[in-house]
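Subject: Structure handover

Hi there,

Here is the structure I promised to pass on to you. Have a look at it first, and then read on for what turned up.

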Amino acid sequence: MRPQPHERDGRQPQPQTGGRPHPHTTRHEDTATRQLLDSLYRQYAPMVTRTAARALRPEDRGLVDDIAQDVWLDTWQHLLRGNPLHSPAGFLTMRARRRAVDHYRLARVRREQSTDFTDALALHRVAQLIGAAA
């Protein structure tokens, strides 16, 4: 198997466009969408952050920014598909709540519980968990 160009000299391969614009560059029709998203962000960013914070458990408040970022990415993709926003506040609130719920539903974050092995009751519970799993 031949090594790829970036494996030989450390440089990343560049796309060959053949004179055409790269498909991920800004198109003219995206300008209006960008302006709409910018105005939505300026107006509703605090609301999205508050909604995400309320939907998360207190110990997960560090995830508020991640949830809010996902909401804005979803909104951007929604707008790029040409879908209208009839009620931006309702749409963004719903997205923030759903993202928080999805976080827990998908169980991407496994919680580890610390155990004090000097506590006989805690040690008994751990032994029961291990025995049940075996």
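Let me start with Thr33, since its surroundings make a handy way in. Leaving aside neighbours within four places in sequence, Thr33 is in contact with Trp76, Leu79 and Leu80. Thr33 itself is found in helix α2, and it counts as buried because its relative accessibility is 14%, under the 20% cut-off. Please keep in mind that this is a predicted model.

Now for the overall picture. The protein has 5 helices and 0 strands, so to speak of its order along the chain is simple: from the N terminus on, the elements run α-α-α-α-α. Of the 134 residues in the protein, 24% are buried. The exposed surface comes to about 10800 Å², and carbon and sulfur atoms supply 52% of that area. Among contacts with a separation of 6 or more, residues 24 or more positions apart account for 60%.

Next, the interior. In soluble globular proteins, nonpolar side chains tend to be buried together. Here the largest nonpolar core has 15 residues, and Leu40, Tyr44, Val48, Trp72 and Leu92 are those with the most contacts inside it. Two or more residues of this core come from each of α2, α3 and α4 (88–105). The helix that gives the most is α2, with 6 residues. If you want one residue to centre your view on, try Trp72: not counting residues up to four places away in sequence, Trp72 touches Leu37, Leu40, Tyr41, Tyr44, Ala45, Val48 and Leu92. There is also a second, separate core of 6 residues, which includes Ala52, Ala53, Val64 and Ile67.

On to the charged pairs. Side chains of opposite charge can pair when their charged atoms come close. A search of the whole structure finds 5 salt bridges, and three of them are described here, one by one.

- Arg42 and Asp38 meet through their side chains at 2.9 Å, N to O. Both residues lie in helix α2, 4 residues apart, which is about one turn of the helix. Arg42 is exposed, with a relative accessible area of 65%, whereas Asp38 is partly exposed at 35%.

- Arg105 and Asp102 form a salt bridge at 3.2 Å, N to O. They are separated by about one helical turn, because they sit 3 residues apart in helix α4. Arg105 is exposed, at 61% relative accessible area, and Asp102 is partly exposed, at 29%.

- Asp70 pairs with Arg99, the closest N and O atoms being 3.9 Å apart. This pair links distant parts of the chain, with Asp70 in helix α3 and Arg99 in helix α4, 29 residues apart. Both count as partly exposed, Asp70 at 28% relative accessibility and Arg99 with a relative accessible area of 26%.

Which residues do salt bridges with shared partners join into one network? They are Asp70, Asp74, Arg95 and Arg99.

One last spot to look at is Arg57, in the loop between α2 (28–55) and α3 (64–80). Arg57 counts as partly exposed because its relative accessibility is 39%. Its C-alpha is 9.3 Å from that of Ala100, although the two are 43 residues apart in sequence.

Happy exploring, and all the best!

How values were computed. Residues are numbered from 1 along each chain as its sequence is written. This is a predicted model: local features need pLDDT of at least 70, side-chain atom pairs count only at pLDDT 80 or more; totals for chains, interfaces and linings use all residues. Side-chain values use heavy atoms; hydrogens and water are left out. Buried means under 20% relative accessible area, exposed over 50%, partly exposed in between (1.4 Å probe, protein chains only). Contact means heavy atoms within 4.5 Å. A nonpolar core is a set of buried Ala, Val, Leu, Ile, Met, Phe, Trp, Tyr and Cys residues joined through side-chain atoms within 4.5 Å. Accessible areas come from the Shrake-Rupley method with a 1.4 Å probe; for residues, only the protein chains shown count as cover. A salt bridge is a side-chain nitrogen of Lys or Arg within 4 Å of a carboxyl oxygen of Asp or Glu.
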